[in-house]
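Me: Hi! I have a structure open here and I'd like to walk through it with you. Can we take it piece by piece?

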Amino acid sequence: MKIAPQIEALERLAALDAELLALDGVIGQEREALEKQKGQLQKLDEKIAGANASIAEMEKTRNELHAEARQMSAQMERSREKLARCRTEREVNAAQREVEELRKLYRDREVEVEKLSALVDQARAEADVTQKERDGIASQLGSTEGDVTTKLGQLEAEATGKRKTRGALIEKVQPVLFRRYETVRKRRGSAIAHTDADGTCSECHMRIPPMQFQKMMRGDDFDQCPSCARIIYHRPPELGSAESPTGGP
């Protein structure tokens, strides 16, 4: 065949591109899974830090309320002593009002302290759950990250080697034909197809028009499938009927 060297180069290039596509997919999945775990760990760390900051703020407020309550308790004692020393009804009434107001304020502080204590306990319980979840992911990541990183390095080295081979194959393909190949590949995923004796495209499985097929059978040049737009050539029966390594319409 007059275009045999180009056919061989294109078929090898198509097979290599299919391998690279699959390899890049595996690399992407492995990296995405690793980054997802790291992202989850970071979010949980941020959540724990936020919870701890909130707990610290609530505890600070609770301590301030405790201090206020102690001051009010001491002030109530002084007011009771003052009440005991009162001589007139007016003084007694004033002192009693003062004691009642302080008692009410003291109770209000106690209620606020109880509410804050409940919120602190709830926040701590939630933080403990988050911490356990975080520790589980960290443990899993610690046990797998090294293996995944090693695997990624191996896969990327393999991909680099295949890309070097691809560069050597590209040099064997006519520049115009390679540009056409790349245009179709980026649109279709695979760029080359062939026909056997029945004149059917090996990729989209549509029949080539008879006149076009007769021209292709001479083997003078590549053509284009009118259905899927892939680069197509005629493969005589004596060359075998194996399908192209890449597929799909």
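Me: Let's start small. Is Arg134 buried, partly exposed or exposed?
Reply: Happy to help! Keep in mind that this is a predicted model. Arg134 is partly exposed, because its relative accessible area is 23%, and buried would need a value under 20%.

Me: Which residue does Arg134 form a salt bridge with?
Reply: Its partner is Asp135, and the closest N and O atoms of the two are 3.8 Å apart. Asp135 is partly exposed as well, since its relative accessibility is 37%.

Me: How many salt bridges are there altogether?
Reply: The count comes to 20 salt bridges.

Me: Show me another one. What does Glu112 pair with?
Reply: Glu112 forms a salt bridge with Arg109, and their closest N and O atoms are 3.8 Å apart. Both residues sit in helix α2, which covers residues 89-170, and they are 3 residues apart, about one turn of the helix.

Me: Why would that spacing suit a pair?
Reply: An α-helix has 3.6 residues a turn, so residues three or four places apart point the same way.

Me: And are Glu112 and Arg109 buried or partly exposed?
Reply: They fall into separate classes. Glu112 is partly exposed, because its relative accessible area is 34%. Arg109 counts as buried, because its relative accessibility is 18% and the cut-off for buried is under 20%.

Me: Nice. Which salt bridge links distant parts of the chain?
Reply: Try Arg166 and Glu182, whose closest N and O atoms are 2.8 Å apart. This pair links distant parts of the chain, with Arg166 in helix α2 and Glu182 in helix α3 (residues 175-188), 16 residues apart. Arg166 and Glu182 are both buried.

Me: Which residues are in a salt-bridge network with them?
Reply: Asp17 and Arg185 join Arg166 and Glu182 in a network of salt bridges.

Me: Switching topic: what is Leu169 in contact with, further along the chain?
Reply: Leu169 lies in helix α2. If you leave aside neighbours within four places in sequence, Leu169 is in contact with Ala9, Arg12, Leu13 and Leu16. Take Arg12: this residue and Leu169 are 157 residues apart along the chain, yet their C-alpha atoms are separated by 7.7 Å. Leu169 counts as buried, because its relative accessibility is 3%.

Me: And what does Glu30 touch?
Reply: Glu30 lies in helix α1. Not counting residues up to four places away in sequence, Glu30 touches Val148, Lys151 and Leu152. With Lys151 there is a polar contact between the side chains, at 2.9 Å.

Me: Now the sheet. What is the strand order?
Reply: It is an open sheet of 3 strands, in the order β1-β3-β2, with mixed pairing. The edge strands, each pairing on one side only, are β1 (192-195) and β2 (223-224).

Me: How do β1 and β3 pair?
Reply: They run in the parallel sense and share 4 bridges, with β3 covering residues 231-234. Ala193 stands opposite Ile232 in β3, and Thr195 stands opposite His234.

Me: Which way do the side chains of β1 point?
Reply: Ile192 and His194 point one way, while Ala193 and Thr195 point the other way, and all of them are buried. In general, side chains in a regular strand alternate between the two faces of the sheet.

Me: Which helix lies across β1 and β3?
Reply: Helix α1 (residues 4-84) does, running at about 125° to β1.

Me: Last topic: which residues of α4 are buried?
Reply: Helix α4 spans residues 210-217, and Gln212, Phe213 and Met216 are buried there. They are on the same side of α4, because they cover an arc of only 100° around the axis. The cover over the buried residues of α4 includes β1, β2 and β3.

Me: What's on the other side of α4?
Reply: Pro210, Met211, Gln214 and Lys215 are there, and they are exposed.

Me: And which residue with a positive phi follows α4?
Reply: That is Gly219, with a phi near 70°.

Methods. Residues numbered from 1 in each chain as written. Predicted model: local features only at pLDDT ≥ 70, side-chain atom pairs only at ≥ 80, totals over all residues. Heavy atoms only, no water. Pairing = 2+ DSSP bridges. Helix = DSSP H or I, 4+ residues; strand = E, 2+ residues; numbered from the N terminus. Contact = heavy atoms within 4.5 Å. Axes fitted to C-alpha atoms, helices over the stretch in contact; angles between N-to-C directions. Salt bridge = Lys/Arg side-chain N within 4 Å of Asp/Glu carboxyl O. Buried < 20%, exposed > 50% of the residue type's maximum accessible area, 1.4 Å probe, protein only. Arc of directions from axis to C-beta. Polar contact = N/O pair within 3.5 Å; in protein donor to acceptor, adjacent residues only side chain to side chain.
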